[in-house]
Amino acid sequence: MTELDAVNLVLEALGESPVASTDLRHPTVALALRHIRRLQEALLAESWYFNTVKATLTPDVNSKIVLPASYLSVSKISPLSAWATQLPIRSGYLLNIDTNSLVWGGPIVVSAKLDLSFSDLPVAAQQAIAY
C-alpha cells in the first residue's frame, strides 16, 4: 500500500473522490495526510517488531552520544536486569541519567524506537493507519 492509497481510503470514508497524487493544494488531501501522519506517529510511539532495534551507541570525541534523527526514543539495556531504562533526549544528544549530564564514559547498548516512513511500514501497520 502506498501513502496515496491510504489517502484515497481516507477520502473514500469522507465521501470524496479519489485523487491521483498527494498534492497538498487539494484541501481534503492535506486533511487526509495530517490524519494519516497523526495515526502513524501514535503507532510508532509503541514498540513493535518493525520499529525497534538493538544498537550500541558510542560517545563522540566530546564524550557525548549523538542520536540518529530516526530515533524516537531510547532505552538503556542492562545486562543485570530484565528491564530497560528510558533515557531522555536533549537537543539530539542522549542524557546520562546517572550523572545528569550529556557525558558518557563509554559505549552503551540500547533499544531504540525508530521513526519510519509510511512506505517502510509492514502492510498490516499501513492498513491499521489507513482504516
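How many bridges join strand β2 to β3, and do the two run parallel or antiparallel? Keep that in your heads for a second. Quick reminder before we go on: this is a predicted model.

Okay, the answer. Strand β2, residues 71-77, is joined to β3 by 4 bridges, and the two strands run antiparallel. If you want one pair to look for on the screen, find K76: its bridge partner in β3 is T85.

Now zoom out to the sheet these strands belong to. We have an open sheet of 4 strands, and reading across, the order goes β1-β6-β2-β3, with antiparallel pairing. Who stands at the edges? That's β1, residues 52-57, and β3, residues 84-87. Each of those has a single partner strand, so one side of each is left without a neighbour in the sheet. From one strand to the next, the twist averages 35°.

Next up, charges. Side chains of opposite charge can pair when their charged atoms come close. So how many salt bridges turn up in a search of the whole structure? The search finds 2.

Here's one: the side chains of E3 and R37 meet at 3.5 Å, N to O. I like this pair, as it links distant parts of the chain: E3 sits in helix α1, residues 3-13, while R37 is in helix α2, residues 27-44, and they're 34 residues apart. E3 is partly exposed at 22% relative accessibility, and R37 is partly exposed too, at 43%.

The other salt bridge is D23 with R25, at 2.8 Å, N to O. Buried or exposed, what about R25? Exposed, with a relative accessible area of 73%. D23, at 29%, counts as partly exposed.

Technical notes:
Residues are numbered from 1 along each chain as its sequence is written. This is a predicted model: local features need pLDDT of at least 70, side-chain atom pairs count only at pLDDT 80 or more; totals for chains, interfaces and linings use all residues. Side-chain values use heavy atoms; hydrogens and water are left out. A salt bridge is a side-chain nitrogen of Lys or Arg within 4 Å of a carboxyl oxygen of Asp or Glu. Buried means under 20% relative accessible area, exposed over 50%, partly exposed in between (1.4 Å probe, protein chains only). Two strands pair if DSSP finds at least two bridges between them. Axes are lines fitted to C-alpha atoms, for helices over the stretch in contact, and angles run from 0 to 180 degrees between N-to-C directions.
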